[in-house]
2 protein chains.
Amino acid sequence: MSNRKKRMTKQRKTILRVLKHTKIHPTADWIYEAVKKEIPNISLGTVYRNLNVLAEMGKISVLDFGSTYSRYDGNPANHYHFICEKCGKIYDIDHPLFDIIEKEINETSEFQVNNHRLEFYGLCPDCQTKN
Amino acid sequence: MSNRKKRMTKQRKTILRVLKHTKIHPTADWIYEAVKKEIPNISLGTVYRNLNVLAEMGKISVLDFGSTYSRYDGNPANHYHFICEKCGKIYDIDHPLFDIIEKEINETSEFQVNNHRLEFYGLCPDCQTKN
DNA sequence: CTATTTGCAAACGCTTTGCCTGATT
DNA sequence: AATCAGGCAAAGCGTTTGCAAATAG
């Protein structure tokens with residue numbers, strides 16, 4: 001799948017160009033509507049397929065977990081998560097980075113930060129040793 | 001909705017207890033299966049409803065992105081995002097925190113961090129002034 | 001040529017909701 | 001008694017997929 005030859009069809013090119021020329025981090029549907037102005041009979045399925053292909057090729061990136069499951073956490077206090085890329089387990093990370101990070105952004109940008117969310121990806125201790 | 005009186009039913013209590021006693025950040029379905037061992041005729045809808053109520057009450061937290069839509073980004077390079085809580089716009093934040101943050105966690109925990117994801121929430125410049 | 005891609009529509013899978021009965025205060 | 005919660009099943013909704021026709025290389 002990932003190592004097959006990719007064609008640069010009119011649809012794929014247009015989707016990529018539209019996405020490269022906006023800063024609003026659009027949804028698939030927004031892209032669909034935008035591309036439809038050039039290719040009126042394009043289908044939403046094609047947009048989704050191409051967005052996935054383009055992400056696979058590393059030309060764009062996807063924000064969000066799509067339609068995966070929500071996870072629930074019995075601890076309502078602010079803390080970070082570590083997600084193991086091998087076994088999929090989610091761990092809590094207690095580290096006092098909160099204040100530092102928000103202070104830093106508040107001081108170096110015009111944004112007013114009220115909250116943030118930070119997730120780490122990598123290998124958990126178990127998966128580092130096993131194999 | 002949020003300010004109505006909440007009853008602590010057997011179902012709600014059990015769901016909360018099960019969630020408080022695990023560290024695996026389970027999915028709704030996992031919770032459903034676990035609670036079913038105590039309340040065999042509980043329904044999945046009840047689990048979802050109660051998870052939402054418990055989150056509203058601040059007793060648990062939900063790990064997802066609030067929105068069900070995926071967002072696409074024409075910039076595949078690593079960067080952070082700022083999401084305005086008022087107008088919903090998503091902005092890029094370019095700040096050289098990447099190396100510092102990963103180094104910090106790599107040095108103070110047994111996790112091997114390969115990547116991370118950081119999002120800020122608050123008010124964008126426009127929404128700070130426009131009352 | 002022929003493997004990839006498209007358009008269409010149906011299927012998917014997680015989550016929410018409507019309705020009515022049952023439980024709680 | 002009045003209100004809130006539960007069970008069940010169907011609907012919602014963004015996303016994926018199967019298939020025949022179209023097309024890039």
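Hi everyone, this is a short walk through a predicted model with two chains, A and B.

Let's start with how the two copies relate. In general, two copies of a chain are related by a rotation about an axis and a shift along it. Here, chain A can be laid on chain B with an RMSD of 0.2 Å, using a turn of 180 degrees and a shift of 0.0 Å along the axis. That is the relation of a two-fold axis. If you want to find the axis from chain A, look for Leu118(A): its C-alpha is the nearest one in that chain, at 2.2 Å. As for the interface, 98% of the interface residues of chain A are also interface residues in chain B, so the copies meet through the same surface.

Now to the sheet. Which strands form it, and in what order? There are six, in an open sheet that reads 4(A)-3(A)-5(A)-5(B)-3(B)-4(B), with mixed pairing. Strand 4 (90-93) of chain A and strand 4 (90-93) of chain B are the edges, each pairing on one side only. From one strand to the next, the twist averages 25 degrees. Helix 4 of chain A packs on this sheet, touching strand 3 and strand 5 of chain A as well as strand 4 and strand 5 of chain B. Helix 4 of chain B lies across strand 4 and strand 5 of chain A, together with strand 3 and strand 5 of chain B, and runs at about 125 degrees to strand 5 of chain B. Looking at one pair of strands, four bridges join strand 3 of chain B to strand 4 of chain B, and these two run antiparallel. Tyr80(B), for instance, has Ile93(B) as its bridge partner in strand 4 of chain B.

Next, the core. The largest nonpolar core has 29 residues, and Phe120(A) and Phe120(B) have the most contacts inside it. Strand 5 of chain B gives the most to this core, with four residues. Phe120(B) touches residues of both chains, including Ile101(A), Ile105(A), Tyr80(B) and Ile93(B).

Finally, let's visit helix 2 of chain A. Which of its residues are buried? They are Ala28(A), Ile31(A), Tyr32(A), Ala34(A) and Val35(A). These cover an arc of only 170 degrees around the axis, which puts them on the same side of the helix. They pack against helix 1 and helix 3 of chain A, and also against strand 2 (71-73) of chain B. Over in chain B, the buried residues of helix 1 pack against strand 2 of chain A, along with helix 2 and helix 3 of chain B.

Thanks for listening!

Conventions:
Residues numbered from 1 in each chain as written. Chains lettered and ligands numbered in written order. Predicted model: local features only at pLDDT ≥ 70, side-chain atom pairs only at ≥ 80, totals over all residues. Heavy atoms only, no water. Buried < 20%, exposed > 50% of the residue type's maximum accessible area, 1.4 Å probe, protein only. Arc of directions from axis to C-beta. Contact = heavy atoms within 4.5 Å. Core = buried A, V, L, I, M, F, W, Y, C linked by side-chain atoms within 4.5 Å. Least-squares fit on C-alpha atoms with pLDDT ≥ 70 in both. Pairing = 2+ DSSP bridges. Axes fitted to C-alpha atoms, helices over the stretch in contact; angles between N-to-C directions. Lists of a residue's contacts leave out its neighbours within four places in sequence.
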